Every structure is written in C-alpha cells, then in structure tokens.
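Welcome, and thanks for taking a look at this one with me. Please open the sequence and the model side by side before reading on.

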Amino acid sequence: MPVTINDTTGTDCLLVVDDEEADIRVLGSMLEKLGFEILPATDGETALKVLSIRRPDLILLDLLMPGMDGFEVCRRIQENPEWADIPIIFLSAASDKNLIVRALEDGGVDFLTKPFSKAELISRVRTHLMLKTARDHSKRLAQDKDELLGVISHYLQNHLAGMQMSAQRLHDRVQNSDDPKLRLMVENIRSSSSQMRAFVKAFLANAVADHGLIIKLEAVNMSDAVNRVLRQYEDAARNKEILLRPLLAANGALVRADSAALDQVLDNLISNAVKFSPPGKEVSISLQRAGLQVECRVQDHGTGFTEQDKARMFGRYARLSARPTGGEPSTGLGLSIAKKLVRAMNGELTCESEAGRGAAFILRLPRAASSSHP
C-alpha cells in the first residue's frame, strides 16, 4: 500500500491500523467529522512506514492482524525513543480478558472491544489526547527548568565564587584596621556572599538529585573517601579548635557506591559535624563492617537534635533547633540531598541524637565483593 501523507498543521493526527479496510473507513468517517486527521495503515509494516514519515498524536491499533500483530507493532513502536510516548489504544473483536490485560501491560493506554459505540470511541480518544497534551506540557516545563538551572549554575556560581574570593581578600586586609565599622561591613559582605554561594550550590545539587540523577555503582574504598573529605575540612576544624579523629578500619571498607555521590554525602555529614560542634570539641569518623554492609559513623559533641528535629531533618529546607556555632551558612537542603543520594546507592542514612548530647549520623552502604575479603 503506497504511503502518501499530507501535514495538516494544528490538527490532531491519528494513525489507524487495522487489517480490515472497512473498519478503517468507519473509524475515519467518525473521527474526520470531528476535525481529526486520519492516517490509515492496513498492516504493521505500513504503520511503521507511516510513523517514519509522520509522527501522529495517537494510535488506534488493531490487536489481531495477520503477519505482524498489534503486540509486535506496539513493541516496535516503544523501542524507538521518538515514538515511545505516543499513546496507543488497542482495538479488538476479541473480549478475552487475558488479551486485554496483556495489551495494557505491553504498553497500551486503553482497550476498546469491537463493535464499540461512537460516543465511547470519541470519549476515549479525546481523553488520551488531553492526557498526552498535559504530559507534553509538563515535559516542556521540566526542560525549561533544566535550562534555567543550567544558566543559574553557569552564571550565578561563577559570579558568587568571585564575590566570595574578593570578600575574603578584603576581609584579610582590614583585620588590622582601626575602624570597627569597616571591619563589620566587610565581615557582613564575606558572610553574605558565603551563604548565598552555599545556598545556590545546595539548590542546584537538590535539583540534580530530584531528576536526571545518574548513579554508577562500583567498588569504592570508603576509607579513602573519608580521608579525602576530611582533608577539605582540616582548616575549618583547626580554626574552631575541633579535633577530627578518624577511626578507619584497615579492611572491610570496600562498598558498592557512586564515588562522586559518596563524596557529596560524606562532605555533608562531616561539614555539618564541624559546623554544629562548639570550639574545642571532637568529631570522630569510624568505619566498621555491619553484616553485608559497611557502616560509617560521624559523631559530634554539639547541641544534638530534638525528636521534632529528627522527624523532619531529611526534608527540604528543614529548619532545626540546632544552629551552626561559628556563623557558618546553613541552607536546610544538605541532609535532604544526602538522603536521596544514599537511597539511590541502595544504602541507609539515619541519625542518633538527644538534645544536648551531640549527634551521630550513620551511613550504611552494601559491601562490595573483594577477592581478599570475601
């Protein structure tokens, strides 16, 4: 059957696939009167040729056809990323419930049994076209959001990093100034730029964790990861006279994780421990085997958390009773992001704490297979 297709802009286009030309004529007559454009195909091969030329908004697909049946046509359509989101309504004279269930499980959005009423057909078609329009709109909104986040990431982060560096240099220069108002103004600039950058960084990390998160699980040495992150907080801990005390096992620290995601989780836990610990205290980081998992425990001796805090600490923008002890920025997003990343790595993240008695965050990840440590 030759495939000739005209593009009618602004009209919903329906591909009707049925081995009975009389059925196509009946369907086409009903739907064309309502303003729909009909693309006919009397077999599966022709349907796929039509799809390669013109992408319809919806497909009405006969289930039982000679040669390539509706199940095979549906499978071929869903294998193509450009066609996979086109809604398919199956049509069949068979009323076997097993066929109906299989058709819906294999990717159909609906099923109509022949003979069907005109009102039922039109209602189903309009409903699924409206749902598709809503999905397409949501997809475009998500794409717009991703583009906006990309702009924010590129411009805001670069400018805020420059502001923070300049503010720090200015702060260092005026430390010996005799003007207390000047020192206070510069400190306010330095603190504000630091908090803005921390918020933007956390906001973008949360957006990445929400959608588009790609986790590559592989064998990662958690001891190495902890040491790597600890080095980043040596200066901050020294400035607050906080002792960072690693208690890392010599073996059993190999876990299945995403290296970058694990670093981000540990960064959040260790930075929080330093941030919420009073000067002169100790932060310990221990590793040990726990059955089929490796457990990392980050223990501080700060003010701890209330039961209300623990109930909401892993939520977005959570504001807890504990406050940073050195004026450090806190966005309320870090633990939410850490929880999502740990869940994506098939792990667990919990907190043990009592108000006034410090806090311990416990990260558990699956052990990775090792020839030397079975």
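Here are some numbered points to help you find your way around.

1. Please keep in mind that this is a predicted model. The chain has 374 residues, and 41% of them are buried. Its secondary structure consists of 11 helices and 12 strands.

2. A word on how the chain folds back on itself. If you take the contacts between residues at least 6 apart in sequence, 69% of them join residues at least 24 apart. On the outside, the chain exposes about 20200 Å², with carbon and sulfur atoms supplying 52% of that area.

3. Now to the aromatic rings, where the structure holds two pairs. In one of them, F71 and F90 have ring centres 6.1 Å apart and planes at 45 degrees, so this pair is tilted. F71 belongs to helix α3 (residues 70–79) and F90 to strand β4 (residues 88–92), so the pair ties together parts that are 19 residues apart in sequence. F71 counts as buried because its relative accessibility is 7%, and F90 is buried as well, at 0%.

4. The other pair is F305 with F361. Their ring centres are 6.1 Å apart and their planes meet at 80 degrees, so the pair is edge-to-face. F305 sits in the loop between β10 (293–299) and α10 (307–312), while F361 is in strand β12 (residues 359–366), so this pair ties together parts that are 56 residues apart in sequence. Both F305 and F361 are buried.

5. Which residue lies over the face of F71? It is R102, at 3.7 Å from the ring centre. You can look for a similar arrangement at F314: K339 lies over the face of that ring, at 4.5 Å from its centre.

6. S353 deserves a visit too. This residue is in strand β11 (residues 348–353). Is S353 buried or exposed? With a relative accessibility of 8%, it falls under the 20% cut-off and so counts as buried. A polar atom of its side chain lies 2.8 Å from the backbone oxygen of G358. Setting aside neighbours within four places in sequence, S353 is in contact with G304, F305, E307, K310, G358 and A359. You will recognise F305 from the edge-to-face pair in point 4.

7. For a residue on the outside, try P279. It lies in the loop between α9 (259–276) and β9 (282–290). P279 has 51% relative accessibility and therefore counts as exposed, the cut-off being over 50%. Which residues does P279 touch, not counting those up to four places away in sequence? They are K240, E241 and I242. The C-alpha atoms of P279 and E241 are separated by 5.4 Å, with the two residues 38 apart along the chain.

8. Finally, the cysteines. How many disulfides does the structure hold? The count is zero. While you are there, have a look at C13, which is buried because its relative accessible area is 1%. C351 has 15% relative accessibility and so counts as buried too. C351 falls within the residue range of strand β11 (residues 348–353), the strand that includes S353 from point 6.

Methods:
Residues numbered from 1 in each chain as written. Predicted model: local features only at pLDDT ≥ 70, side-chain atom pairs only at ≥ 80, totals over all residues. Heavy atoms only, no water. Helix = DSSP H or I, 4+ residues; strand = E, 2+ residues; numbered from the N terminus. Buried < 20%, exposed > 50% of the residue type's maximum accessible area, 1.4 Å probe, protein only. Contact = heavy atoms within 4.5 Å. Polar contact = N/O pair within 3.5 Å; in protein donor to acceptor, adjacent residues only side chain to side chain. Phe/Tyr/Trp six-rings, centres within 6.5 Å; stacked < 30°, edge-to-face > 60°. Lys NZ or Arg CZ within 6 Å of the ring centre and 35° of its normal. Disulfide = S-S within 2.5 Å. Areas by Shrake-Rupley, 256 points an atom, 1.4 Å probe, with all protein chains shown as cover.
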